[in-house]
Amino acid sequence: MRVVVVYIVLALLSFSCKEKEKEKEKEEWNEEAFYEQVMQLIEERSIKRNEIDWVSLKQTVKDSIKQFSTNEDVYNAIGYALELVDDGHSHFFAPENPDSVVTNRFLMDTLTVPAIDAKIIGEDIGYIKLPGFFANDSLSSVYALKVRKALLKLDASGKFKGWVIDLRKNLGGKMSSESLGLSPLFNRSLIGISCDNQERFTKVCCSDGDFYFGDFKMDSLIYKSTLQNKNKKIAVLISNHTASASEFLALAFKFQEGTKTFGSKTRGATSTLNLLEFKSNAKLLLAQEYYCDKDYLKITSGILPDVACDTAESLPKAIEWIRYDR
């Protein structure tokens with residue numbers, strides 16, 4: 001069995017992608033050697049690298065998985081190792097699982113791109129509710145364009161005092177999609193910072209239709225966009241169902257001027273994921289970098305709102321802030 005490592009930027013799942021690379025493959029090896037190589041990758045790249053006794057962890061796995069004579073033994077060992085790592089975001093999907101979200105949505109091109117709920121509240125606030133969308137690159141690009149078109153159509157329908165971006169039920173998708181779709185709202189190109197397990201920081205920027213992770217251009221959305229309602233207040237609604245890529249988007253707005261978040265603490269999947277794809281079609285999504293705030297502080301357990309309130313209260317409070325607070 002051989003392994004190929006592929007980097008993709010997603011996010012239920014939000015993946016950073018600095019570069020594409022392939023691990024060197026050995027012509028022949030046994031299952032235990034394969035397990036050891038995968039565990040080495042996890043140990044080297046995991047966001048919890050410096051918090052875990054890896055010798056003890058691997059011994060615990062071997063004590064539970066008595067033999068490595070089949071692929072299933074290896075899959076069970078990797079899955080159990082991730083449970084012990086317990087980073088709150090990494091996932092392993094064996095190819096035998098027909099319901100695997102990763103297997104289906106990476107490979108299928110027949111998914112329906114979700115509708116965008118965009119409307120005017122009263123006569124002075126633009127409201128956009130984003131559902132999130134986890135799919136392959138081509139469909140994620142379609143989704144980004146759909147978000148952009150919804151934004152522009154709404155913008156053209158009136159003069160607003162502000163915007164509401166509703167992420168309360170957004171479990172994520174591709175890291176760049178919604179950011180590119182809403183990028184005309186950004187007044188600063190720096191929309192994020194990440195930090196790996198060696199305390200190396202990477203800036204995430206989005207401007208002029210391009211999304212950069214460090215020096216690497218991950219995605220582009222070329223679509224002429226001029227907003228008449230730019231530089232207005234922006235309220236972002238969040239909850240415990242705001243996860244991964246949508247947490248990144250909530251943070252992206254916190255890098256901008258004139259924004260506030262309303263609601264409750266987010267899910268806490270605040271890390272980039274890299275996809276390791278095995279030849280057998282098993283997939284490992286490994287959390288490798290934490291999102292950071294503007295002060296370069298790692299966010300490890302969710303985003304706290306600027307205005308804490310129940311989910312039902314977040315929209316009314318956001319409207320009140322946009323209309324009346326100076």
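A residue is called buried here when its relative accessible area is under 20%. By that yardstick, in this predicted model, 9 of the 10 residues of helix 7 (residues 245-254) are buried, so the helix is largely enclosed by the rest of the structure. The buried set runs through Ala245, Ser246, Glu247, Phe248, Leu249, Ala250, Leu251, Ala252 and Phe253.

Helix 7 also turns up in the largest nonpolar core, as one of the elements that give two or more residues to it. The others are helix 5 (137-155), helix 6 (177-182), strand 5 (162-166), strand 7 (201-207), strand 8 (210-213) and strand 10 (233-238). Helix 5 puts in the most, with 8 residues. This core counts 43 residues, and the ones touching the most other members are Ile128, Leu130, Ile165, Leu182, Leu185, Phe211 and Phe253. Take Leu182: leaving aside residues up to four places away in sequence, it touches Ile128, Leu130, Val147, Leu151, Ile165, Leu249 and Phe253. There is also a second, separate core of 25 residues, with Ile52, Ile65, Ala81 and Leu286 among them.

Next comes the sheet. Here 6 strands line up in the order 3-4-5-10-11-14, forming an open sheet with mixed pairing. The edges belong to strand 3 (117-121) and strand 14 (307-308); each has a single partner strand, so one side of each is left without a neighbour in the sheet. Strand 5 and strand 10 run parallel and are joined by 5 bridges. Gly162, for instance, has Lys233 of strand 10 as its bridge partner. Helix 8 (residues 311-324) packs on this sheet, where it touches strand 3, strand 4 (125-129), strand 5, strand 10, strand 11 (259-263) and strand 14. The direction of helix 8 makes about 170° with that of strand 10.

That leaves a helix pair. Helix 1 (residues 31-45) and helix 2 (residues 54-64) have axes that come within 12 Å and cross at roughly 145°. The crossing is right-handed. On the helix 1 side, the contact is made by Glu32, Tyr35, Glu36, Met39, Ile42 and Glu43, while helix 2 brings in Trp54, Leu57, Lys58, Val61 and Lys62. Sorted by type, the residues of this contact come out as 6 nonpolar and 5 charged, with no polar ones.

Methods. Residues are numbered from 1 along each chain as its sequence is written. This is a predicted model: local features need pLDDT of at least 70, side-chain atom pairs count only at pLDDT 80 or more; totals for chains, interfaces and linings use all residues. Side-chain values use heavy atoms; hydrogens and water are left out. Buried means under 20% relative accessible area, exposed over 50%, partly exposed in between (1.4 Å probe, protein chains only). Helices (H or I, at least four residues) and strands (E, at least two) are DSSP runs, numbered from the N terminus. Axes are lines fitted to C-alpha atoms, for helices over the stretch in contact, and angles run from 0 to 180 degrees between N-to-C directions. A crossing is left-handed if the near helix is turned anticlockwise from the far one by less than a right angle, and right-handed if clockwise. Contact means heavy atoms within 4.5 Å. Ala, Val, Leu, Ile, Met, Phe, Trp, Tyr, Cys and Pro count as nonpolar, Asp, Glu, Lys and Arg as charged, and the others, Gly among them, as polar. A nonpolar core is a set of buried Ala, Val, Leu, Ile, Met, Phe, Trp, Tyr and Cys residues joined through side-chain atoms within 4.5 Å. Two strands pair if DSSP finds at least two bridges between them.
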